[in-house]
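Hello,

I am passing this structure on to you, with some notes on what turned up in it. Please have a look at it first, and then read on below.

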Amino acid sequence: MIALGIESTAHTFGCGIVSDSGGKCNILANEKSAYTTQSGGIHPKEAMEHHLKNAKSVIENALRTAKTDWNGIDLISFSQGPGLGPCLRVGAIAARALALRYKKPLLGVNHCIAHIEIGKALTQAKNPIIVYVSGANTQITGYESGCYRIYGETLDIGVGNLLDVFGRALGIGFPAGPQLDKMYFESQNYIAFPYTVKGMDLTFSGLLTAAENKAKSKQYGNADLAYSLLHTAFAMVTEVAERALAHTEKNEILLTGGVAASRALQQMMQKMCDARNAKMFVPPASVATDNAAMIAWLGLIEHKAGIKQKIGDTKILPMQRTDQVEVKWA
Ligand code: FE2
């Protein structure tokens, strides 16, 4: 079976095509166009306009890369939520129009679970604790009794958003993570920052305000600030991931989302896994960041499990939570 997926939850408009030949996830195309800024974060309306402008060419490129046409596509899936309403709407409208035009089954899927399932499909992870860290999301989840339970999550902003907004204070454009990650390895001078873990949940806004104030004061070097901010934020995430491992007695971590590419986070998480005899898996960056191959793959496995939607069921769900989706394909 071959599925075409459309991703448009935030900054990325993507179109991916995957097949399950040989019982494995084969990515035939994973095209994208991402909205970026020189300074400042995502403006939802501008991101939507970016998606509208690029949707057609991204979809055409994906079909070309996969060396197929609409006759070769068995299913169209799209990110139904969670995400920014104006952005989600572009993907949903495109998917609905194409499904009707080419008479294909249509399936809206959860973006966070798509990260998890493609991560599992492309690594050796079987039953991991998933650490999903991106601009909008920071969630520590794991499969238990029919759904991906959320063991811990951010109560305010995503850890990637923390990095992007702090990057702005240093004059770094969006996304700021890669540059801050480089700076992390240029310092070992730790400046104390607020460390806030509440039970199993996290908050980053106090940390952000403290970091912005310290940057404004001009009393600290940028590398020292980047090192200290990343060290604090990633230690918080790693602490919650470790407790989720201990509580569930699982022995695998799947690190995914855009921030999974951070070497600083990978290093810290790996040390924790080594200490607990757990294995850490990080999918390739092309599927850890927002992408559409993961949307196609989740659509494919849901469809094969018999999940169907009528057009009326395909309304966007900007606030949909990971644990609201019944996992019928496990
Ligand atoms: Fe994402």
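Please keep in mind that this is a predicted model. A good place to begin is the largest nonpolar core, which has 51 residues. Among its members, Leu-162, Leu-180, Phe-204, Phe-234, Ile-253 and Met-269 touch the most others. Two or more residues each come from strand 6 (129-133), helix 4 (159-169), helix 5 (177-184), helix 6 (205-217), helix 7 (222-248), strand 11 (252-256) and helix 8 (263-276). Helix 7 contributes the most, with 13 residues.

To see one of these contacts up close, try Leu-180. Leaving aside residues up to four places away in sequence, Leu-180 touches Leu-163, Phe-166, Leu-170, Ile-172, Ala-226 and Leu-230. There is also a second, separate core of 30 residues, and its members include Val-18, Leu-107, Leu-298 and Val-325.

How is the protein divided? Domain 1 covers 2-116 + 290-324, while domain 2 covers 126-282. Their centres, taken over C-alpha atoms, are 27 Å apart. Where the two meet, 17 residues of domain 1 and 16 residues of domain 2 take part in the contact. About 1,400 Å² is buried between domain 1 and domain 2, and carbon and sulfur atoms give 63% of that area. On the domain 1 side, His-115, Ile-116 and Thr-322 lose the most area to domain 2, and together they make up 36% of what that side buries.

Now to the sheets. One is an open sheet of five strands in the order 3-2-1-4-5, with mixed pairing. Its edge strands are strand 3 (26-34) and strand 5 (106-110), each of which pairs on one side only. On average, and ignoring direction, neighbouring strands here are turned by 20 degrees against each other. Helix 2 (residues 85-102) packs on this sheet and touches strand 1, strand 2 (12-19), strand 4 and strand 5. The direction of helix 2 makes about 160 degrees with that of strand 4. Helix 3 (residues 111-122) packs on the sheet as well, touching strand 1, strand 3, strand 4 and strand 5, and its direction makes about 90 degrees with that of strand 5.

Within this sheet, strand 1 (residues 2-7) and strand 4 (residues 75-81) pair in the parallel sense over four bridges, and Gly-5 stands opposite Ser-77 in strand 4. Strand 4 also pairs with strand 5 in the parallel sense, over five bridges; there, Ser-79 has Val-109 of strand 5 as its bridge partner.

Is strand 5 enclosed or open to the outside? Five of its five residues are buried, so strand 5 is largely enclosed by the rest of the structure. Both of its faces are covered, with Leu-106, Gly-108 and Asn-110 buried on one side and Leu-107 and Val-109 buried on the other.

Another open sheet of five strands runs in the order 8-7-6-11-12, again with mixed pairing. Strand 8 (147-153) and strand 12 (279-281) each have a single partner strand, so one side of each is left without a neighbour in the sheet. Neighbouring strands are turned by 25 degrees against each other on average, direction ignored. Strand 11 and strand 12 pair in the parallel sense over three bridges, with Leu-254 bridging to Phe-281 in strand 12. Helix 7 packs on this sheet, touching strand 6, strand 7 (138-144), strand 8 and strand 11. The direction of helix 7 makes about 160 degrees with that of strand 6.

Enjoy exploring it!

Best wishes

Technical notes. Residues numbered from 1 in each chain as written. Predicted model: local features only at pLDDT ≥ 70, side-chain atom pairs only at ≥ 80, totals over all residues. Heavy atoms only, no water. Pairing = 2+ DSSP bridges. Axes fitted to C-alpha atoms, helices over the stretch in contact; angles between N-to-C directions. Contact = heavy atoms within 4.5 Å. Core = buried A, V, L, I, M, F, W, Y, C linked by side-chain atoms within 4.5 Å. Buried < 20%, exposed > 50% of the residue type's maximum accessible area, 1.4 Å probe, protein only. Domains from an automatic or database assignment. Buried area = accessible area lost by both parts, 1.4 Å probe.
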